[in-house]
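Student: I've got a model open and would like to learn how to read its pockets. Can you walk me through it?

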Amino acid sequence: MSKKPSIFDLYQMKAAGEKITWITAYDFPTAQFAQNAGMEMILVGDSLGMCVYGYNGTVPVTMEQCLTHSEAVRRGAQHCFVVGDMPLGSYQSSNEQAVDNAIRFLKEADVDAIKLEGGVRVANRIQAITDAGINVIGHIGLTPQSSGQLGGHKAQGRTAEAAKMVVEDALAVEAAGAKMLLVEGVPPEVTRYIWETLEIPVLSIGAGPHCDGQLLIVSDLIGQFQAFTPQFVKKYCNVAEVITKAMREYVEEVKSGVFPDEDRYCYHMVEGEEEKFLNLVKKP
Ligand code: KIV
């Protein structure tokens, strides 16, 4: 898109049956790449804890980290709908805490919406942030911030009873005023039911094709994240291989003296200046 899509443009896409494309990004250059690739939405996910900082999960991520990375992404993608991700500890304590931190995302990083994890249990937070005039995107199913309670990063809603709970979460998120819903790690049968039931756009990460759009983590898509690859990820390239190969060649060329070639990779002195210089520094 040549201009930034508004929430209404995204609703228009749903109405027209055009899929919405969404990717995470954590820095300025990646945001530029996403924008140039035609992405409508960017999530500055708290997955930055794993993808950028090397933590084991998202739990240690702070508001300050999310804000800093959101600012950089905003600068790189003026024409994408940028979503700030509320980290653990930024909205759990009270509605006031949730609203105050959501406002920080808008004031300090100029995002277009915030995302937070949970369904029924965070419905009042979603309502409070929405009442403050901020676009909220709900996130249900596999919610990494509560992976301890879920028994790990496991798909959710795989039995009838569990699927009913996911649907209840979806309904609660919409009723609380969220503008969109992200469903993660849920069977496609369940996502389809949610999609056919809700009015707001439903997006999927690892929750199948029956919805209004897809999200992937950029570090998975480009083959940069090394620790593991979830089953739902399609790697579109392998930058880890490309970068490691380039760095290995650099190491070899420095060691062997091939790089830097003096004729190609140096700034030589202005013609005639070398002789003057040697005279100037000549020892008596
Ligand atoms: O932080 C993130 O990137 C996310 C996705 C896993 C949905 O929340």
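**Reading the pockets**

Tutor: Sure. This is a predicted model, where local features need pLDDT of at least 70, side-chain atom pairs count only at pLDDT 80 or more, and totals for chains, interfaces and linings use all residues. Residues are numbered from 1 along each chain as its sequence is written, and side-chain values use heavy atoms, with hydrogens and water left out.

Student: How much space lies in the largest pocket?

Tutor: Rolling a probe the size of a water molecule over the atoms shows where empty space is left. Here, the largest pocket holds about 780 Å³. Of its 36 lining residues, L142, E184, I205, P230 and F232 are the closest to the centre. (A pocket is an open set of points on a 1 Å grid over the protein atoms alone, where a 1.4 Å probe fits, with protein on both sides within 12 Å along at least five of seven lines; lining residues have an atom within 4 Å of a point.)

Student: Which pocket does the ligand take?

Tutor: The ligand occupies the largest pocket (more than half of its atoms lie within 2 Å of the grid points).

Student: Which residues have polar side-chain atoms by a ligand oxygen?

Tutor: Look for N or O pairs within 3.5 Å. S47 has a polar side-chain atom 2.5 Å from a ligand oxygen, and for D85 the distance is 3.1 Å. In K115, a side-chain N or O atom is 3.0 Å from an oxygen of the ligand. The ligand taken alone exposes 260 Å², and the protein buries 97% of that (Shrake-Rupley, 1.4 Å probe).

Note on methods:
Points joined across faces, edges and corners; volume = space filled by probe spheres on them. Polar contact = N/O pair within 3.5 Å; in protein donor to acceptor, adjacent residues only side chain to side chain.
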